[in-house]
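This report goes through the fold, the aromatic contacts and one pocket of a single protein chain. The sequence and structure come before the text.

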Amino acid sequence: MPKISPTEFYAVPLRVHTFLADVPLHDVWAVDLPALRGGVTLAEFLRRNSQGEIVRLPTAARALFRFRLFLGRIFRLEAEPTGALAAAFANRLTPEDRARSLVAVGTPEGLFRVVYRFENEQLLEIQNRTVHAGALSALAERADGYRFYFAVYVRQRTWITPFYMGLIDPFRKWIVYPALLKTIRATWDRNI
């Protein structure tokens, strides 16, 4: 489940490239999925898995999330900062983006909020005292199957953001993201 180059990612025609052009791309990952049939969209994949199968991570990854949330409560890191609404990525949506979105802007999705969900692209947002981040999921059909992309954009919230990201990067890169992508692959194999 490789981390891929930004160059490859930017070559995929996605709205996010212009939408978050001023927000640094932190990293991007991909998992190749077999073509069990043609015409599968990200929206269909998410709809078929609305029971939360995708987010059922292995025990180690879930434990890290719980630990992070525990520390967040202790240090009050989870609260949305003042001005979060004004800084929300959703404020960038054009009328066309809003009309194209299959889910209402601001719909909760776990710890995140939906910015938009198009047929093959979804952008979620989280704002707290450590980061203002976007999580992008996209599905691209290719000649030999599909490729699922997962990208993270991080805007510095305060001086703590780079230290926080540096602290959690090893866990994200070695445990959480590989587990997430492995779960996506297994869910795809079971349900598509």
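The text below describes a predicted model, starting with the chain as a whole.

**Overall fold**

The protein chain holds seven helices and six strands. Read from the N terminus, its elements follow the order α-α-β-α-α-α-α-β-β-β-β-β-α. The radius of gyration is 16 Å, close to the 16 Å from the globule rule for 192 residues, so the chain is as compact as a globular protein of that length. Along the principal axes, the C-alpha atoms fill a box of roughly 45 × 40 × 35 Å. Of the 192 residues, 47% count as buried.

**Aromatic contacts**

Nine aromatic pairs are found in a search of the whole structure. Two of these pairs are set out in the table.

| Pair | Centre to centre | Angle between planes | Class |
|---|---|---|---|
| F9 and Y149 | 5.9 Å | 50° | tilted |
| W159 and F163 | 6.2 Å | 65° | edge-to-face |

How is the class of the F9 and Y149 pair reached? Planes under 30 degrees apart count as stacked and those over 60 as edge-to-face, with the rest tilted; the planes of F9 and Y149 stand at 50°, so the pair is tilted.

This pair links distant parts of the chain, since F9 belongs to helix α1 (residues 6–10) and Y149 to strand β6 (residues 145–156), with their positions 140 residues apart. Is F9 buried or exposed? F9 has a relative accessible area of 0% and is therefore buried, as that term covers values under 20%. Y149, at 3% relative accessibility, also counts as buried. Together with Y10, F9 and Y149 form one aromatic cluster.

In the edge-to-face pair, W159 is exposed, and F163 is exposed as well.

A contact between a charge and a ring is also present: R100 lies over the face of F118, at 3.8 Å from the ring centre.

**The second largest pocket**

The second largest pocket contains about 260 Å³ of space. Its lining is made up of 18 residues, and those closest to the centre are E80, R113, E125, I126 and Q127. Which elements give two or more residues to this lining? They are α5 (84–87), β3 (112–117) and β4 (121–127). The most comes from β3, which gives four residues. By residue class, the lining divides into ten nonpolar, four polar and four charged residues.

How values were computed:
Residues numbered from 1 in each chain as written. Predicted model: local features only at pLDDT ≥ 70, side-chain atom pairs only at ≥ 80, totals over all residues. Heavy atoms only, no water. 1 Å grid on protein atoms, 1.4 Å probe; cavity = no way out; pocket = protein on both sides within 12 Å on 5 of 7 lines; lining within 4 Å. Points joined across faces, edges and corners; volume = space filled by probe spheres on them. Nonpolar A, V, L, I, M, F, W, Y, C, P; charged D, E, K, R; others polar. Phe/Tyr/Trp six-rings, centres within 6.5 Å; stacked < 30°, edge-to-face > 60°. Buried < 20%, exposed > 50% of the residue type's maximum accessible area, 1.4 Å probe, protein only. Lys NZ or Arg CZ within 6 Å of the ring centre and 35° of its normal. Rg over C-alpha atoms; globule rule 2.2 N^0.38 Å.
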